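I wanted to look at one chain-to-chain contact and at how a sheet is put together. These are my notes.

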4 protein chains.
Amino acid sequence: MSEGVRLFRIATAHPGDITGLERLVDGGELCLEQVVAVFGKTEGNGCVNDFTRGYMASTLRHFLAQRLGAEMAAGIALVMSGGTEGVLSPHITVVTRPVRPPTVRETAREGALRLSVGVARTDVVAPEALGRMAQIKAVASAVKTAMSDAGTDDPAQVHYVQIKCPLLTAASIERAAGGTVTTDTYESMAYSRGAAALGVACALGEVDPAAFDDTSVLADWDLYSKVASASAGAELDHCEVILLGNAAGAGGDLVIRHALMRDAIDGDAVRGLIAGDEAREVVQIFAKAEADPRGRIRGHRHTMIDDSDIHQTRHARAVVGGVIASVVGDSMIYVSGGAEHQGPPGGGVCAAVLRQASATGEPPARISPISAPGQGAGSLVYL
Amino acid sequence: MSEGVRLFRIATAHPGDITGLERLVDGGELCLEQVVAVFGKTEGNGCVNDFTRGYMASTLRHFLAQRLGAEMAAGIALVMSGGTEGVLSPHITVVTRPVRPPTVRETAREGALRLSVGVARTDVVAPEALGRMAQIKAVASAVKTAMSDAGTDDPAQVHYVQIKCPLLTAASIERAAGGTVTTDTYESMAYSRGAAALGVACALGEVDPAAFDDTSVLADWDLYSKVASASAGAELDHCEVILLGNAAGAGGDLVIRHALMRDAIDGDAVRGLIAGDEAREVVQIFAKAEADPRGRIRGHRHTMIDDSDIHQTRHARAVVGGVIASVVGDSMIYVSGGAEHQGPPGGGVCAAVLRQASATGEPPARISPISAPGQGAGSLVYL
Amino acid sequence: MSEGVRLFRIATAHPGDITGLERLVDGGELCLEQVVAVFGKTEGNGCVNDFTRGYMASTLRHFLAQRLGAEMAAGIALVMSGGTEGVLSPHITVVTRPVRPPTVRETAREGALRLSVGVARTDVVAPEALGRMAQIKAVASAVKTAMSDAGTDDPAQVHYVQIKCPLLTAASIERAAGGTVTTDTYESMAYSRGAAALGVACALGEVDPAAFDDTSVLADWDLYSKVASASAGAELDHCEVILLGNAAGAGGDLVIRHALMRDAIDGDAVRGLIAGDEAREVVQIFAKAEADPRGRIRGHRHTMIDDSDIHQTRHARAVVGGVIASVVGDSMIYVSGGAEHQGPPGGGVCAAVLRQASATGEPPARISPISAPGQGAGSLVYL
Amino acid sequence: MSEGVRLFRIATAHPGDITGLERLVDGGELCLEQVVAVFGKTEGNGCVNDFTRGYMASTLRHFLAQRLGAEMAAGIALVMSGGTEGVLSPHITVVTRPVRPPTVRETAREGALRLSVGVARTDVVAPEALGRMAQIKAVASAVKTAMSDAGTDDPAQVHYVQIKCPLLTAASIERAAGGTVTTDTYESMAYSRGAAALGVACALGEVDPAAFDDTSVLADWDLYSKVASASAGAELDHCEVILLGNAAGAGGDLVIRHALMRDAIDGDAVRGLIAGDEAREVVQIFAKAEADPRGRIRGHRHTMIDDSDIHQTRHARAVVGGVIASVVGDSMIYVSGGAEHQGPPGGGVCAAVLRQASATGEPPARISPISAPGQGAGSLVYL
């Protein structure tokens, strides 16, 4: 079996801690030259003034530049998502793939479908473009580039598309002098995520770009992607795309699939995602969370939207993180908040990376579900 | 079948809203004279300066006094628990039982075991007594009174003991002039809940009162009750006990049982509690939530304890509320925070009131689990 | 000297505490029949889910109805403003005036200018009207009614106009089905306050109603009133106006004047307001606070707008409350947040009610400024 | 006039922004070799999980090491204080002094008294020592070393002693296995600050170390230093001391003095500090803030201590920052929270660094007070 895409899930002690990564690199287990992306969950508020994302990103950038040189380091996509409410455990997930010439990757399309990753980025999103068709189209174009990079042209094999997108700050709003979609910095995060998700939906044919316009963003909730996950942050001014799917010839022993959580307590969707699969090990979960914007969940009023002390995204991450962790038995998972146009209102994608049974037919130990209540799985888990 | 204890679960639109209750009373469905207790979940922060508890309690007191007279109203136990983080939905649960002479209740002990309720209250807990053996003993004594009131002397038939206990405020700490167990008002809530829970454990024989002392409170985590649930609030200065169990001759068609969640994501315990019981309908859930005080859950670090923006009890309610709701399909449940000595560290009781199959053998519609994602169960549910 | 308008400033121990008021009434010092308005500062977050306003309002309504009858009680304007950040001390200010036939009040216009009060209210403000010209015009009309009620037609003698206005909730937004000025509940508070303030400005000739439209609200910051103070709350659906000014023949020994704070740290404006007036006692302060929406104060960046943990109105009340208290030496003052169109960006009105020197020429003890650091003025101050 | 100690006050755009510092260094205005300390105000919550302190500290460390080499960089004291509530503006203050052999510094004691700085650090403070006599003694010893480094042995010439001290985290508490002074991480910050301040008081003869013990910390409020300012943070495990005073022969044109604010609204103390000094320019302010632990300020109840949404230190910084800014007309000042044993209960030190009149007798432009409301002083101010 040829080596394929790998995921290293590494616990962090604080938003400036990369000692776990350094150990893996120095120990020869993780080859930095193969890193294409890093997903992080950092312990800030996940909202406008969450500097834990920037702290971790800057720490990683510095380390990568030191080891790889500035140019190569700049090519690695960093997606830091703030907010580890409830049981969510701060960590980073490093994604690697064998270094092969692009031509090889694009032509080798044979063999079993295996986890594949593609990355791309847009140009700078001007404050005036944020949350509007201009951002949507830029993201759609980048997603297609990422599919090509991942070695697939089949939307059905795309299971998770992470977008990191910018937000408006008091400074950028002032600079744009009235031309922005909103003057509320927190609200701008929703607009940016929403437009990014619609960009994914356009690229994958989930919605028809000709059928809507600027006014549809954060308004027409029937438009959504089932695999998009967008996070907004103040630390970048363009959009970064990391696409996870399955591709023939990708090699390795990992696959990815996804389910759509219809609401924040849709534990059945998560159970269905990993059920009947005793021969597979859950390697990592990527999911989106949001408070149902209609103010109710299964008929009952919730108070997340009217809460002026804790933002709704924080509530939602706590719930969805808890629900998924209760099914997979592991809380060091990637759950990010704000699911505008990412699934139906109140719902969102839940993607699972799974390890196939070994060649010998022996099922691998399932890492996640075996940790019973009261037991521990160890603080550094690398996969 | 003789009428027995009944539960009415009523949605509230805000902490001063009792229109749902008024409608039931005015419509003749709920007999105020039979009310023994009201459990409420109100939408405050559940911490020291949560006035939503007092708002709802004062609204209820006023209504009850108006309809029943001041004396009779004063005999009804009100337990308001603040904090509806995540999906939890604000509501009140009104518990009624047929008005029968106590002698009848105590002697009628025959027939099937059915849901029974008993209430009691302690004297005022002095600021100096809070969180210490004095409070523990007062609660233990009240629990025994409540068991007798519920018509049982078998600890095995006690499935949920709710205690509402006082806390220290800046004012009471000043008054006690240094004699209190802590000078931190938020921390005093933990001490009060812990002592109340140990009082329950003493009464039910779960721990030996001779084997510990003042210093064990919030220190010796091996001491705990599996059925206690304590909430602290600024609106009372004594402890109120509401005990739910099964008693022979209680009548009606409800029963109660409980499970112990070993940690906040122990969904299996909840599933086990209601599983294999297709002939029963889940009527209401009563549960406790807390952040694991050791800072880890199943081996992974959580950030709830070190979070200075959101108190750990708020995080924990969001998680446990979400996990239980994901199993029973309903978010208008009673989950209260701060589980010191209420279950093992990080865990807590989860009790379910269930309705028996009807006499005809036809299973009743299961209210909770039938609400699928995206569906609604209606905002006013009375049982 | 004929008796005139009086202010009773009463400390509260919590948002349901009116024992101070009861004592004054039962002791014969405060005549309930003379009450025209109650201003309250309650200790909630002052944002959407602040139920302390409703708690105090409902407690007062119940008490007033019990003592005065429902109809008379309903005529008393209650303005509860949430948020006692920093040193601000929870309290209510009861405003009374002698009961005289309106014809007398309107014709007695002779004698010295003395504190006068007028009240009025608008019809229900539909969710669709909130934050728009419809609300502005309704408020302007009510302000004129209130001026007439106060016995003045001179805008120069109007020094403080308090408006209590509604906000949008998740429920009302849903009801209005897309027709509201915003779908963000917190933002709706700003729109409602802004429109109310522009209504005051129109009535007093500070702005020309023909010169702007719906789009000017929260956009054209050159439009503002120098005496308006608006608070939004979920507990009412119309607007209430309480106008304080000076009128000939009003009687009593109180006067009011105001200054405009140019920014949140404009202590000089406050010092100027009470300076050179050794013969007068500061009886109460009414002020507005807001974070400068441009993100800077005197050239330096502030972080209030980008703070997703604490809303900017909370920061601003803490600052302005502290600055004013540092000048007048008293923290039981009325400072309310959110000063959209109430003064220039970042600034707002600061009005002082002062007591004139006694007839004998002896200056009264200045209550506020005499309390030196470390000293106390007593917790119940009635004036 | 020989060159002496200088202060560079530099605005930051976020907790990882040191571009202002880089510009000064690259422009030749600030000589990195002369840097002895950096004070920072960063925009986190100032409590346990405030990672903005670590972010700025790590950014500075990296820059300094790159330019000066690791060893020299390690000798520079970094004191990052989190929390810019209200009008406080994020910035760093860089303190430089001419590089002279210590022997010269210690013997040159002649000439006018001018601003002098001394630094020192303790060994690692074990979790068990934190908040106890062991920490107090270690700090006292370091303060004496810092006085010597500053070239003074006169406690009357010591006007501000900054201590940066560690706190307990969930991890360190677990490690210490019950031996810590508290198990509440937030409370541990208070213990650490309190012990550090008592260390200063011991060194300066303000209290008698023989007259108290472990139990006095956070208990006997009569014990305090009038010049200590302590900040706790998770990013260090020892204590750092930066002492500011006046010393003969220090050179330069700056002096320092201090006043004691008796409570949070003691604007008079601040006015007194800078009054009658028209020939001096205010260069920077260093102050402490705390909520009065007795729950009242000048007789009126405040709600800071019972607030479970916003920690009291955050309220206090907003108030004291606003009060001082309203006097000096500038919000880019250093105000840090938590003043246990740093001044009387509710009060704290306020130190001002002032620039002397020039030799020609011409008064320098007063930078701070000249900025009138509505005007700006520019975002980068270096002094």
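Before I note any partners: I count two strands as paired if DSSP finds at least two bridges between them. Helices (H or I, at least four residues) and strands (E, at least two) are DSSP runs, numbered from the N terminus.

Ground rules. This is a predicted model, where local features need pLDDT of at least 70 and side-chain atom pairs count only at pLDDT 80 or more, while totals for chains, interfaces and linings use all residues. Residues are numbered from 1 along each chain as its sequence is written, chains are lettered from A and ligands numbered from 1 in the order in which they are written, and side-chain values use heavy atoms, with hydrogens and water left out.

**Sheet in chain D.** I found an open sheet of 4 strands here, ordered β9-β14-β10-β13, with mixed pairing. Why do β9 and β13 of chain D each have one side without a neighbour in the sheet? Both stand at the edges with a single partner strand, so one side of each, β9 (254–261) and β13 (334–337), is left free of a neighbour. The average twist from one strand to the next is 15°.

I then checked β10 (residues 281–289) against β14 (residues 348–355) in chain D: they run antiparallel and are joined by 6 bridges. Ile285(D) has Ala352(D) as its bridge partner in β14(D).

Helix α8 (residues 267–274) of chain D lies across β9, β10 and β14, at about 160° to β9(D). For such angles, axes are lines fitted to C-alpha atoms, for helices over the stretch in contact (heavy atoms within 4.5 Å); the angles run from 0 to 180 degrees between N-to-C directions.

**Sheet in chain C.** I looked up the parallel part here. Strand β10 (residues 281–289) of chain C runs parallel to β13(C), with 4 bridges joining them. Opposite Ala287(C), in β13(C), stands Val335(C).

**Chains B and C.** I get 10 residues of chain B in contact with 10 residues of chain C. The area buried between them is about 850 Å², 69% of it from carbon and sulfur atoms; buried area is the accessible area (1.4 Å probe) that two parts lose on being put together, summed over both. Which three residues supply the most of what chain B buries against chain C? Phe51(B), Tyr55(B) and His62(B) do, with 60%.

I also looked for salt bridges (a side-chain nitrogen of Lys or Arg within 4 Å of a carboxyl oxygen of Asp or Glu), and the count between chain B and chain C is 0.
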